[in-house]
Amino acid sequence: MNAVTQIAVPSPVRRETPAAVAISIRKLNKFYGGFQALRDIDLEVGQGEIVVLCGPSGSGKSSLIRCINHLEQHNSGTIRVNGTELTHKASDVAQVRRQLGMVFQGFNLFPHMTVLANCTFALRLALRLPTAEANDIAREYLARVNVQDQAAKYPSELSGGQQQRVAIARALCLKPSIMLFDEPTSALDPESVGSVLRIMEDLAATGITMVCVTHEMGFARRVADRCVFMEKGEIVEEGTSDRFFGAPSTVRLKAFLQQVL
């Protein structure tokens with residue numbers, strides 16, 4: 001059995017005042033037909049900050065994170081990523097997406113490609129890297145998430161946890177400055193959840209900016225610099241992890257935490 005390789009980094013340090021803004025969202029609104037999924041959202045994420053979005057199903061968490069990556073188009077308000085405003089222009093979308101990596105609930109791996117090919121696809125297509133160089137980069141990140149020995153397999157031959165780790169490696173191959181996670185463990189069995197969360201904790205400790213939608217409150221409490229509670233498309237409460245869990249100020253957050261902890 002191969003030895004487990006983890007990202008060797010120091011323990012994360014909570015940052016009260018990030019030095020610069022990575023993501024700035026102002027008065028963001030999103031509609032699906034007549035239904036308003038997001039209502040006047042104001043949120044800033046500092047560079048190197050770990051922010052967890054939590055709340056009941058249907059609260060707008062996934063819509064918000066998908067708007068940041070322009071997988072959903074917002075109807076009004078502004079989103080800026082490292083100073084670049086995300087408009088509907090293709091050039092702006094491309095510039096923002098180059099700075100973002102995203103991991104989905106459903107893995108979204110190409111089933112007809114091997115693990116290695118999944119990880120090199122964007123490197124060869126978008127960055128036009130030679131195959132050998134792309135392969136080296138992919139193998140480096142597959143090793144970081146402990147699936148380097150699965151490179152020649154197809155997604156259907158892997159467990160759910162292994163597929164999600166491949167998805168994380170694929171996102172990291174493009175060396176984004178910001179990682180977005182949309183409920184990355186919700187489709188996994190308990191053992192796989194633990195392995196993926198450990199990878200995410202190791203990643204958080206490297207100093208990369210992360211925004212995570214998750215129901216894993218233990219992970220949020222251990223890793224997040226700040227937690228944001230959403231309901232009915234609005235931000236109800238936000239604060240440092242310690243205050244969020246230890247001294248919630250709204251009745252709604254207190255009731256939510258009583259149910260999930």
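The crossing of helices α3 and α5 is right-handed, and in this predicted model their contact is made by Val115, Asn118, Cys119 and Leu123 of α3 together with Val166, Ala169, Arg170 and Cys173 of α5. Helix α5 also passes helix α6 in a right-handed crossing, and α5 packs on an open sheet of six strands as well. The points below take up the two helix pairs, then the sheet, and finally strand β9 with its partners.

**Helix α3 against helix α5**

- The axes of α3, which covers residues 115-125, and α5, which covers residues 160-173, come within 8 Å of each other and cross at roughly 25°.
- Because angles under 35 degrees count as roughly parallel, this crossing makes α3 roughly parallel to α5.
- Sorted by class, the residues in the contact of α3 with α5 are six nonpolar, one polar and one charged.

**Helix α5 against helix α6**

- The axes of α5 and α6, the latter spanning residues 190-204, come within 8 Å and cross at roughly 20°, an angle that makes α5 roughly parallel to α6.
- On the α5 side the contact is made by Gly161, Gln164, Arg165, Ile168 and Leu172, while α6 contributes Ser192, Ser195, Val196, Ile199, Met200 and Leu203.
- The residues of this contact of α5 with α6 divide into six nonpolar, four polar and one charged.

**The six-stranded sheet and the helices on it**

- The strands of the open sheet follow the order β6-β7-β8-β3-β9-β10, and their pairing is mixed.
- Strands β6 (100-103) and β10 stand at the edges with a single partner strand each, so one side of each is left without a neighbour in the sheet.
- On average, and with direction ignored, neighbouring strands of this sheet are turned by 15° against each other.
- Helix α1, residues 61-68, packs on the sheet and touches β3, β6, β7 (178-182), β8 (209-213) and β9, with its direction making about 150° with that of β7.
- Helix α5 likewise packs on the sheet, where it touches β6 and β7, and its direction makes about 170° with that of β6.

**Strand β9 and its partners**

- Six of the six residues of β9, which runs over residues 226-231, are buried, so this strand is largely enclosed by the rest of the structure.
- Arg226, Val228 and Met230 point one way from β9, whereas Cys227, Phe229 and Glu231 point the other way, and all of them are buried, the charged residues included.
- Strand β3, residues 50-54, is joined to β9 by four bridges, and these two strands run parallel; within this pairing, the bridge partner of Cys54 in β9 is Phe229.
- Six bridges join β9 to β10, residues 234-240, and here the two strands run antiparallel.
- Phe229 has Glu237 as its bridge partner in β10, so that Phe229 is paired with Cys54 of β3 as well as with Glu237 of β10, and strands of a sheet pair through backbone hydrogen bonds, either parallel or antiparallel.
- Met230, for its part, stands opposite Ile235 in β10.
- Strands β9 and β10 form a hairpin with two residues between them, and Lys232 in the turn has a positive phi of about 55°.

Technical notes:
Residues numbered from 1 in each chain as written. Predicted model: local features only at pLDDT ≥ 70, side-chain atom pairs only at ≥ 80, totals over all residues. Heavy atoms only, no water. Axes fitted to C-alpha atoms, helices over the stretch in contact; angles between N-to-C directions. Parallel < 35°, antiparallel > 145°, perpendicular 65-115°, else oblique. Left-handed = near helix turned anticlockwise from the far one by under 90°. Contact = heavy atoms within 4.5 Å. Buried < 20%, exposed > 50% of the residue type's maximum accessible area, 1.4 Å probe, protein only. Pairing = 2+ DSSP bridges.
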